[in-house]
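Please keep the viewer open and follow the stops below, selecting each group of residues as it is named.

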Amino acid sequence: MSYDDLWSIGELAEQAGVTVKTVRFYSDRGLLPETSRSVGGHRRYGPNALDRLRLIRALRALDLPLPQVRRILDQEPDQDHGDHGGGSALEGAVAERLRALGSQLAALRWREAALRLVQESPPGLRAERLRLIGALAVPPSTAAMARFWRAWLPARMPAPAVAAFLDVAVPPPPDDPTPEQTLAFARLHALTSGPCTGAGPTQPAAHRAAGAEGSAVLYAGLAEAYELAGAQLRRGRPPHPGEALDGFVAAYTSAYGTRDTPAFRRLLAGQLAADPRIDRYWELTAVVLTPPGRQPAPTPGSAHDWLLAALAAQSGGTDPGPQPSPPSGGRPPAPRQRP
């Protein structure tokens, strides 16, 4: 390459539309190596330097840090011919940056919703709501709810069954929450991270009767029944016998190793009607899960109440009506209540 084919630092800066200081900055960090030096010691750059500098600027415009830019440049297939692919280093850097931006955007949306909540709250409620919101991480975590349910489930319940239950019982924070959803999620966090109170048993009767393995069978069957009942709730159908109720009863007969008979259904209806409930958890969960302007999203709690009403009516009992519901994929026996 002849001397005439080389650019000075000023010429390269002018071609790229940047300052000489910018070119020197990248050169000093080894991202834009010079081809040679003039007799007077001035930097000279080859023809491929312009493409390389433009690539550096593009990567920096994406807010990629210098170490990642270096890895991408080092993976260039053919720098002498300006073939700037970046390969897996570029793909990995972009994916990592997208994840970081997603987290930042989620945090900003939650902060905006929290600020709107405070702005729209009556003066007498602001202090309490600020306390609730202040206890949340940003973006918020579901760890407190998951710990709450893990402590309530049978100790030796198989891990896949626990994970399946948590998927149903723990609502994820909305991506773009309303102030109402932000408040509901903050109250769920407070409900599940406060001290336990109440005189009821920590574990429901179904846990003791079914055991760890039987409970896994119970919750798997209940999850299916709740899904079927949820479809009926979305259609506005009143409680009635059918596939959802049969699946609900079958979950208990499978866990207990007994048969589905009219007598068992009457016994089950009475047992479940007497179980402790935690309505507040499912009410708040419905708010968190329901998009603005939509009818309340079915939850395991509301599905359980629908099924229990259908069971009570079929068994000749009195329809218990909507009542608080304990946890379990929906609402088998419930844990200790929290204020």
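What is the volume of the second largest pocket? In this predicted model, the second largest pocket has a volume of about 190 Å³. To see its walls, select Val168, Ala223, Tyr226, Glu227, Gly230, Arg234, Leu289, Pro298, Thr299, Pro300 and Ala303, which line this pocket. Two elements, helix H10 (205-234) and helix H14 (300-314), each give two or more residues to the lining, and H10 provides the largest share, with 5 residues. If you colour the lining by residue class, you should find 7 nonpolar, 2 polar and 2 charged residues.

Before moving on, zoom out to the whole chain. The protein has 339 residues, of which 42% count as buried, and its secondary structure comes to 14 helices and 3 strands. Among contacts with a separation of 6 or more, 69% are between residues 24 or more positions apart.

Next, select residues 9-16 and residues 20-28, which are helix H1 and helix H2. Two packed helices are described by the angle between their axes and the distance between the axes. Here the angle is about 110 degrees and the axes are 8 Å apart, which means that H1 is roughly perpendicular to H2. On the H1 side of the contact, show Ile9, Gly10, Leu12 and Ala13, and on the H2 side, show Val20, Val23 and Arg24. The residues of this contact divide into 5 nonpolar, 1 polar and 1 charged.

Now go to Ala106, which lies in helix H5 (residues 87-120). Is Ala106 buried or exposed? Its relative accessibility is 16%, and because buried means under 20%, Ala106 counts as buried. Add Asp176 to the selection and draw the C-alpha to C-alpha distance, which is 7.3 Å, although Ala106 and Asp176 are 70 residues apart in sequence.

The last two stops concern backbone geometry. Most residues other than glycine have a negative phi, and most peptide bonds are trans. Select Asp63, in the loop between helix H3 (48-61) and helix H4 (66-74), where phi is near 70 degrees, a positive value in a residue other than glycine. With a relative accessibility of 46%, Asp63 counts as partly exposed. Finally, select Val138 and Pro139, which are joined by a cis peptide bond with omega of about -5 degrees; Pro139 lies in the loop between helix H6 (123-134) and helix H7 (143-152).

Technical notes
Residues are numbered from 1 along each chain as its sequence is written. This is a predicted model: local features need pLDDT of at least 70, side-chain atom pairs count only at pLDDT 80 or more; totals for chains, interfaces and linings use all residues. Side-chain values use heavy atoms; hydrogens and water are left out. On a 1 Å grid over the protein atoms alone, a cavity is a set of points where a 1.4 Å probe fits but cannot get out, and a pocket is an open set with protein on both sides within 12 Å along at least five of seven lines; lining residues have an atom within 4 Å of a point. Grid points are joined across faces, edges and corners, and a volume is the space filled by probe spheres set on the points. Helices (H or I, at least four residues) and strands (E, at least two) are DSSP runs, numbered from the N terminus. Ala, Val, Leu, Ile, Met, Phe, Trp, Tyr, Cys and Pro count as nonpolar, Asp, Glu, Lys and Arg as charged, and the others, Gly among them, as polar. Axes are lines fitted to C-alpha atoms, for helices over the stretch in contact, and angles run from 0 to 180 degrees between N-to-C directions. Angles under 35 degrees count as roughly parallel, over 145 as roughly antiparallel, 65 to 115 as roughly perpendicular and the rest as oblique. Contact means heavy atoms within 4.5 Å. Buried means under 20% relative accessible area, exposed over 50%, partly exposed in between (1.4 Å probe, protein chains only).
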